[in-house]
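Could you walk me through this structure in the viewer, one selection at a time? I'd like to know what to click on next and what I'm looking at when I get there.

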Amino acid sequence: MQLIKDKQVIQDSWTFIPDEAPLNADFNIVSQTRWRQEGADLINRKGALGLRLESDAIVEEIVADLKHFQLIELHFPIFTDGRAFTHARLLRSRFGFTGDIRVSGDFMRDQVFYLSRVGVSSFVLNDQENALEVIAAMDDFSVVYQESVA
Amino acid sequence: MYQYTDKDQTIIDERVTQFRDQTERFLKGEIPEDKYRALRLMNGVYVQTHAPLLRVAGPYGLLSSKQVRKLASIARDYDKGFCHFTTRQNIQFNWPALERVPDILEELASVQMHAIQTSGNCLRNTTSDQLAGVCKDEIEDPRPYCEIIRQWTILHPEFAYLPRKFKIAVSGAKLDRAATQFHDIGLHLVENEHGVVGFKVFVGGGLGRTPVIGQMIKPFLEKEHLLSYLEAILRVYNLQGRRDNKYKARIKILVRETGLAEFSKQVDTEWALIKDKLVIPAERITEMCAQFALPAYQSDAAQDTSYAEHVAKDSRFAAWIKHNTAEHKIDGYRAVYISLKAPDSPPGDCTDVQLDAIAGLADEYSFGMVRTTHRQNLVLADIKQADLFVLWQKLESLKLATPNIGKATDMICCPGLDYCSLALAGSIGVAKEINEALDSIDYVHDLGEIKINISGCMNGCAHQSVGHIGILGVDKKGEEWYQVTLGGSSENDAAIGDRLGPSVSKEEITPVVIKLLEVYLEQRLNEDEAFLATYRRVGMNPFKERVYATN
């Protein structure tokens, strides 16, 4: 999987760990289910921690925990599910999350302009996507009407 | 009217580039069908029975003559010489080739037009009153606010992938001519007890499969908070709206399932957090109002005497004045409806020749502007009374002066089975048959104000559920049948029509409509009691008995 962060193609150091698997990396992303069950242990563990939010997540529920995460991953079950756009915006502008906000799953190149605008900073690409074209698409428009976080 | 700035122009130019790239990638097989579908819909491109359909935005129904000429040339060069005006003040081309759509968009961009968000699950074109700025019953011109909303909606980064489509309408007059209570958000300009003008906000209205009348969520919203309040509603909807079932995904279902009180509370909680960050500065409102300043009316227009003479002498002209023109707030002027409901042409269609001619008439008589109406007609809003007679003659020669505005043959009609891949039954053919049955214009005038709306399927593009007589095409074992409703209204007295009874066959539908009209004529108290009023007074029974009588 290719990763774009801050408009650069980089090596991804993070790994999403399925709930039943042990945490074995230095940069682990866990589900909200796991965070609820094992939160205390996860905080005490060495290494960086990321949280994956599914599209039906309620961002307000994790606001108090944000300080424990270096990364929030917003996962698209299908590209038409637009809740992640609001999640990103709330995390960035309302709750002041300064870590990496990444998107993964079924989003598409034609959405990265919007995603960048609402505060998403990294993109896990599908294999088919050409990274340089995706980076270029982040600047599809040079002017905008609405205020946003980025 | 609003003139694009460099920024507005840049946005639509860059959109053309983006859509051209998306279409080329699709044609090369680089974007899967389902993903391209969402992208093309958000640019107004449907794939229909015969060819793609392109829906072009008509922002709150206002077009310049230059734009109308461009529509004519597109109809000629890319289509079969005509276009169609829709119930949301947009313009549709029925026969473009997909690979040429980017070229059409480029042509449109050259006259400050686009097709952005005219379809898809996103914020759609904002609609308004076709008599905005000229009607006598206006509290304030809604168009400056429509344009502010238009800019806020275009490419909104957070609300581009909503659970379902989202439509906003704004009315500035006492009489709601924009069907605002049947929109996801309806805004009415109102004056509060301190003489301050703001918005009364309705939410959760909509037509389609489950017609619902919008409920008032805020009796008075200060103008400067318009965008923050809209944003609060959209944020709640984007997060809470149902995404598991597209028939339950509109905000009307969310409001119903949540309850208005609880929904309103959630919106207010969200609003409180963003209210002060998204204020519309007073200067911006002033600047925007200046874009819609009144044209240079002639102060002596009312002194003309020729108009009264023509009315007295020519009964056909007098009938056209009575039925196809409306009062104007400036003495000596009237607003003229151009009827796109000539008996022999599909409702709302207009040819390239007619479009060019209309543009010329707008330049000559109406400050170069044309408006579209949600009942699929056009308006020249600022006609001096001295010009009315000659304008009428010219419109007559173009078959654009059928004196039937608001009458039985001024039907709203969707493309139906003739064009649409969703349709279950024909609608244009039914309109044509009703027109043929009502071939006496005196009879049509005697029937008075009546709105007949015909949709070819329950998606209800022609707003059949709010027609005084609504006709809905249904499929019955592979045959076209029609369900009839009575008593709907999209105005201030908003109502959803009641079902007449079992559906009727294609052969029966026109005779049924004629029977309904006969019952009305028999039952009405006098000529001043319109169909809707009679129906509300006498109820369903007399109509039902006549239609379903067994001889």
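Here is a tour that starts with chain A, crosses to chain B and ends on a hairpin. Keep in mind throughout that this is a predicted model.

**Stop 1: chain A as a whole**

Select chain A and show it as a cartoon. You should find four helices and eight strands. Trace the chain from its start and the elements come in the order β-β-β-β-α-β-β-α-β-α-β-α. Along its principal axes, the C-alpha trace spans about 45 × 30 × 25 Å. Is the radius of gyration of chain A what a compact globule would have? Or rather, what value would such a globule have with 150 residues? The answer is near 15 Å, and chain A has 15 Å, so the two agree. Of the 150 residues here, 35% count as buried. Among contacts in chain A with a separation of 6 or more, 50% join residues 24 or more positions apart.**Stop 2: the sheet of chain A**

Now colour the strands of chain A. In which order do the eight strands lie in the sheet? Going across, you meet E2-E1-E8-E7-E6-E5-E4-E3, an open sheet with mixed pairing. Strand E2 (8–10) and strand E3 (15–16) of chain A are the edge strands, each pairing on one side only.

Zoom in on the E3 end. E3(A) pairs with strand E4 (residues 27–31) of chain A in the parallel sense, over two bridges. Show Thr15(A) and you'll see Asn28(A) of E4(A) standing opposite.

Next, add the helices. Helix H1 (residues 32–44) of chain A lies across E4 and strand E5 (48–53) of chain A, and runs at about 130° to E4(A). H2(A) packs on the sheet as well, touching E5, strand E6 (71–76) and strand E7 (100–105) of chain A. The direction of H2(A) makes about 165° with that of E6(A).

**Stop 3: where the chains meet**

Keep H2(A) selected and bring chain B into view. How many residues of chain A are in contact with chain B? There are 22, and they meet 25 residues of chain B. Two elements of chain A give two or more residues to this side: helix H2 (83–94) and helix H3 (112–117). H2(A) gives the most, with five residues. Colour the side of chain A that touches chain B by class and you get nine nonpolar, six polar and seven charged residues.

**Stop 4: the domains of chain B**

Switch to chain B and give each domain its own colour: domain 1 (6–109), domain 2 (134–288), domain 3 (301–397) and domain 4 (412–548). How far apart are the C-alpha centres of domain 1 and domain 2 of chain B? They lie 27 Å apart. Where these two domains touch, domain 1 of chain B gives five residues and domain 2 of chain B gives six. On the domain 1 side of that contact, four residues are nonpolar, none is polar and one is charged.

**Stop 5: a five-stranded sheet in chain B**

Select strands E3, E14, E15, E12 and E11 of chain B. They form an open sheet in the order E3-E14-E15-E12-E11, with antiparallel pairing. Look at the two ends of that row: strand E3 (62–64) and strand E11 (325–327) of chain B each have a single partner strand, so one side of each is left without a neighbour in the sheet. Neighbouring strands of this sheet are turned by 30° against each other on average, direction ignored.

Inside the sheet, strand E14 (residues 369–372) and strand E15 (residues 378–384) of chain B run antiparallel and are joined by two bridges. To find this pair, show Arg371(B), which stands opposite Val379(B) in E15(B). Then add helix H3 (residues 65–78) of chain B, which packs on the sheet and touches E3 and E14 of chain B. The direction of H3(B) makes about 85° with that of E3(B).

**Stop 6: strand E19 and its partners**

For the last stop, select strand E19 (residues 479–486) of chain B. How many of its eight residues are buried? Six are, which leaves the strand mostly covered.

Add strand E18 (residues 469–476) of chain B, which runs antiparallel to E19(B) and is joined to E19(B) by eight bridges. Gly473(B) stands opposite Tyr482(B) in E19(B). The hairpin of E18(B) and E19(B) has two residues between the strands, and there Lys477(B) takes a positive phi near 50°.

E19(B) has other antiparallel partners to show. Strand E21 (residues 504–505) of chain B is joined to E19(B) by two bridges, with Tyr482(B) opposite Val504(B). Strand E20 (residues 498–499) of chain B is also joined to E19(B) by two bridges, and here Leu486(B) stands opposite Asp498(B).

Conventions: Residues numbered from 1 in each chain as written. Chains lettered and ligands numbered in written order. Predicted model: local features only at pLDDT ≥ 70, side-chain atom pairs only at ≥ 80, totals over all residues. Domains from an automatic or database assignment. Contact = placed C-beta atoms within 7 Å. Nonpolar A, V, L, I, M, F, W, Y, C, P; charged D, E, K, R; others polar. Pairing = 2+ DSSP bridges. Axes fitted to C-alpha atoms, helices over the stretch in contact; angles between N-to-C directions. Rg over C-alpha atoms; globule rule 2.2 N^0.38 Å. Buried ≥ 20, exposed ≤ 12 C-beta atoms within 10 Å, placed from the backbone.
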